[in-house]
Each structure stands twice: as C-alpha cells, then as structure tokens.
Amino acid sequence: MMRCISCGKEYDDDEIVYTCECGSILEVEVEPKDIPRETFDCRRDNIWKYKEYLPVNYENRVSLDEGGTPFCKCDKIGDELGIDLYVKVEGSNPTGSFKDRGMSVGTTKAVDLGVGMVGCASTGNTSASLSAYAARAGLKCAVVLPSGKVALGKLAQAMFHGAKVFSIDGNFDDALKTITELALEGELYLLNSINPFRLEGQKTIGYEIVHDLKWQSPDRIILPVGNAGNISAIWKGITEFRDAGYIKDTPKMTGIQAENSAPIANAVREGRDTVTPVENPDTIATAIRIGAPVSSVKAMRAIKESDGTAETVSDDEILSAQMYLARTEGIGVEPASAASIAGVKKLVENGEIEKGERVVCVVTGHVLKDPNVAIDACEEPTAVSSDPADIRNILKTI
C-alpha cells in the first residue's frame, strides 16, 4: 500500500500514481516481518537478501547484483578528526552509483505493472542506472537531461545502454517537469525519486549499514543531498529495522549540500519546516546541482525525526575532500560524493560532531563518473626517456 505523507490517503500498490490528489508525495508502507535477523546472514550479499522488505514480486526481480557494497573503516581520516569513521562505497554498484539499488526495485515494479517504457530526468547517475536496468529488463527507456550539465562519464553510460536521450535547454528541475508531464500522459513509467518504489531500493543502504555494524546503529550517517530521496530512504530503512526489533538506537541523519544548491540546508539553518527552491542552482558537483528537490518534505522529516542536521560546503571544499579521500584512504569518488567527506570535516571543526562519535559517510558515485574533474585536479604525467636512470633520479625527489 502507498500512503500520502501529508493527508494519509491510501493507494493500492498496483496503481500508477506518483503524487497524492492533495499534491503531496507518497510513501510505500512495509510492515515489520517476523523474521530473525540471522536469516539475512546466509544469503547472497546484495539488496535482495532483504527481499521480504522489498514490496515487489521477487520472482520478477531485475538485478545486476547491486548492493553489498564495501564498508570501509577509515582510521587515518578518523584518527585525524577524532572520530570512528566508516565510508559506505556506493560507487561499487554495477553502474557506479547508489542509484542501482533504486532502479533494481523500480524496474522490477515496472515489470510487475506490465509497462513497456520507463523514463527519468537526470543530472547523470539516474539516467546511467535506469538505462542499464531497462536494458536488463527488456524495457524501452527515455531520459531527459539538462544540456551541458551532465558529466561525460554518466552521459556515455546512458547512451551506451540504449536509452533515447533528450537534451533540453534548462536545468534539472525543468527536465523533471518535462518527463513528469509525459508520465502523467501515460507515455512512460517515471522512475525519478518521486516514485516511492524507487526509494524502496535505496533504503537498503540503511539496512546494510546496521548489518555491517553487527546490528548496531552508528551515531550519525552523513551523505550528499540533491533531490533528497536518498537521505529519506536510508532513514526509512533504519526505522523499519528498528520497528522490527533488529536494532534499538538510530543515527542522526545529516545531509550535505553545495553552497549554491542548498535549499534543504538553508531551511534547516534558518529553522524553517518548509523548503524554498533555489532558482539557479550551481556547483561543480553535478549530481547534487538541484534547486527544487522533490523529496524535500521526506528529507526534512528524516532530519527532524532523527535529531539530525544539514550543512553546506563550497566547491573548493568538495574538490579538496575528493583528493583527500583518494590519497589518504584510496577511495575514489565523484565530486558530489566528496561532499559528505567535506561535510564531516566541517561538522567536526564547528563542534556539531563530538569527538569519539561513530560516523558513517555514504559516498554515492565512482570517481570515473566525472573523469574531467579528476583529470583537471592532477598534474600531467612526467615525460621521461625509457632509461630507468631517468626515472630513478626523479623517484629520489618525491
């Protein structure tokens, strides 16, 4: 069953509906299961080991073995900051981002409903993921992108997997408005995060974090926020496992946004319950360059219920954190992902995070999602002859 988060109106799972009649967004309700948590330990390590909590037909599942991503304890950065730090590496999913979790469940729901075409608006990762899962499911796929605003690594994935790609003169919010109109006309099944079934896949990040911590909750989960589906999805997963009795405590949900694309962080900072869109969002972190997040109400609820917060970071802080994570812990991420690392540093420095806290940073996409940024941040290869002596002499100086 789907329920409106504002007025409570209920909708059947087999209805193709994205928002409530009142204009608010929907959420899938999943009841706690009478399943011992040890049941999950002996299953293959992907999102489908939690199949009882995924409200789609398991027999129709569309999967590329997503989930079960690395959970890295980062002692060097953690010791420097005075915290117990873990990094959940979502760039290890099949298409290189956390979106694969949601697209696995979302395309499975499309198969359940018998639709023939799926679609999305995207800043890059959503289209890259949907195109792959649509191909896996044998579905047609259409994506709408803001012209010149998508990293090449992501654009290449969408085209290579066979999606019909449309580039519009506008930003992501314009692209979402366009594709939503087509979905409401019945042209395609929309799989942006306004679709509550997509977030059912993304909530498995929360499942995995507490499972990785041997059924303990961290003190805090920090992640980048763009369209705001992920922070609310992870919180949903955490609370479902709490309600099932698998864990007792819950983390503070902490969202990080780029300074010039920060409608949620602005609202939190100003003590407002509602979010005012940013008309012209701008940041080098293309994946979170979103001014009117469709899941803002869910995100604000997650932050408030968890006693969490939101913070902003500059593009310079993002790029610095991207390099810092790669060269200190060996984890290469795209700029948007690095926002969580920049955020944890800033929150420690300003005293929001206390010394000794157990913190999980979710890094959402692989470094090669935005290869141009990575290349621009590095020096050119050193030109030498083939004589080992030339290299030997240089090595002595580094």
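An axis here is a line fitted to C-alpha atoms, for a helix over the stretch in contact, and the angle between two axes runs from 0 to 180 degrees between their N-to-C directions. The legends below describe close-up views of a predicted model.

**View 1. Helix α7 packs against helix α8.** Helix α7 spans residues 204-212, and its axis lies 6 Å from that of α8 at an angle of about 55°. Because an angle that falls outside the ranges for roughly parallel, roughly antiparallel and roughly perpendicular counts as oblique, α7 is oblique to α8. The crossing of α7 past α8 is right-handed. On the α7 side, the contact is formed by Ile205, Gly206, Tyr207 and Val210. On the α8 side, Asn230, Ile234, Gly237, Ile238, Glu240 and Phe241 take part. Sorted by class, this contact contains 6 nonpolar, 3 polar and 1 charged residues.

**View 2. Helix α8 crosses helix α10.** Helix α8 comprises residues 229-243 and helix α10 comprises residues 296-305. Their axes come within 8 Å and cross at roughly 50°, which makes α8 oblique to α10. The crossing of this pair is left-handed. Helix α8 contributes Ile231, Ser232 and Trp235 to the contact, while α10 contributes Lys298, Ala299, Ala302, Ile303 and Glu305. By class, the residues that join α8 with α10 are 5 nonpolar, 1 polar and 2 charged.

**View 3. Tryptophan 235 sits in helix α8.** With a relative accessible area of 5%, tryptophan 235 is buried, because the term applies to residues under 20%. The side chain of tryptophan 235 makes a polar contact of 2.9 Å with the side chain of glutamate 305. When neighbours within four places in sequence are left aside, the residues in contact with tryptophan 235 are Thr250, Pro251, Met253, Ala302, Glu305 and Ser306. Two of the names in that list, Ala302 and Glu305, also belong to the α10 side of the contact between α8 and α10. From tryptophan 235 to serine 127, the C-alpha to C-alpha distance is 24 Å, and the two residues are 108 residues apart in sequence.

**View 4. Serine 63 occupies the loop between β3 and β4.** Strand β3 covers residues 26-28 and strand β4 covers residues 71-73. Serine 63 has a relative accessible area of 17% and is therefore buried. Its side chain reaches the backbone nitrogen of aspartate 65 at 3.0 Å. Beyond neighbours within four places in sequence, serine 63 is in contact with Trp48, Ser104, Tyr133 and Arg136.

**View 5. Asparagine 192 lies in the loop between β9 and α6.** This loop follows strand β9, residues 189-190, and leads to helix α6, residues 196-202. The relative accessibility of asparagine 192 is 2%, so this residue counts as buried. Residues up to four places away in sequence are not counted among the contacts of asparagine 192, which are Gly119, Cys120, Ala121, Thr126, Phe172, Leu176, Ile179 and Arg198.

**View 6. Leucine 81 belongs to helix α1.** Helix α1 extends over residues 75-81. Leucine 81 counts as buried, at 7% relative accessibility. Apart from residues up to four places away in sequence, leucine 81 touches Val344, Lys345, Val348 and Lys355. Threonine 312 is 231 residues from leucine 81 along the chain, and the C-alpha atoms of the two are separated by 18 Å.

Notes. Residues are numbered from 1 along each chain as its sequence is written. This is a predicted model: local features need pLDDT of at least 70, side-chain atom pairs count only at pLDDT 80 or more; totals for chains, interfaces and linings use all residues. Side-chain values use heavy atoms; hydrogens and water are left out. Helices (H or I, at least four residues) and strands (E, at least two) are DSSP runs, numbered from the N terminus. Angles under 35 degrees count as roughly parallel, over 145 as roughly antiparallel, 65 to 115 as roughly perpendicular and the rest as oblique. A crossing is left-handed if the near helix is turned anticlockwise from the far one by less than a right angle, and right-handed if clockwise. Contact means heavy atoms within 4.5 Å. Ala, Val, Leu, Ile, Met, Phe, Trp, Tyr, Cys and Pro count as nonpolar, Asp, Glu, Lys and Arg as charged, and the others, Gly among them, as polar. Buried means under 20% relative accessible area, exposed over 50%, partly exposed in between (1.4 Å probe, protein chains only). A polar contact is a pair of N or O atoms within 3.5 Å; within protein, one must be able to donate a hydrogen and the other to accept it, and residues adjacent in sequence count only if both atoms are side-chain atoms.
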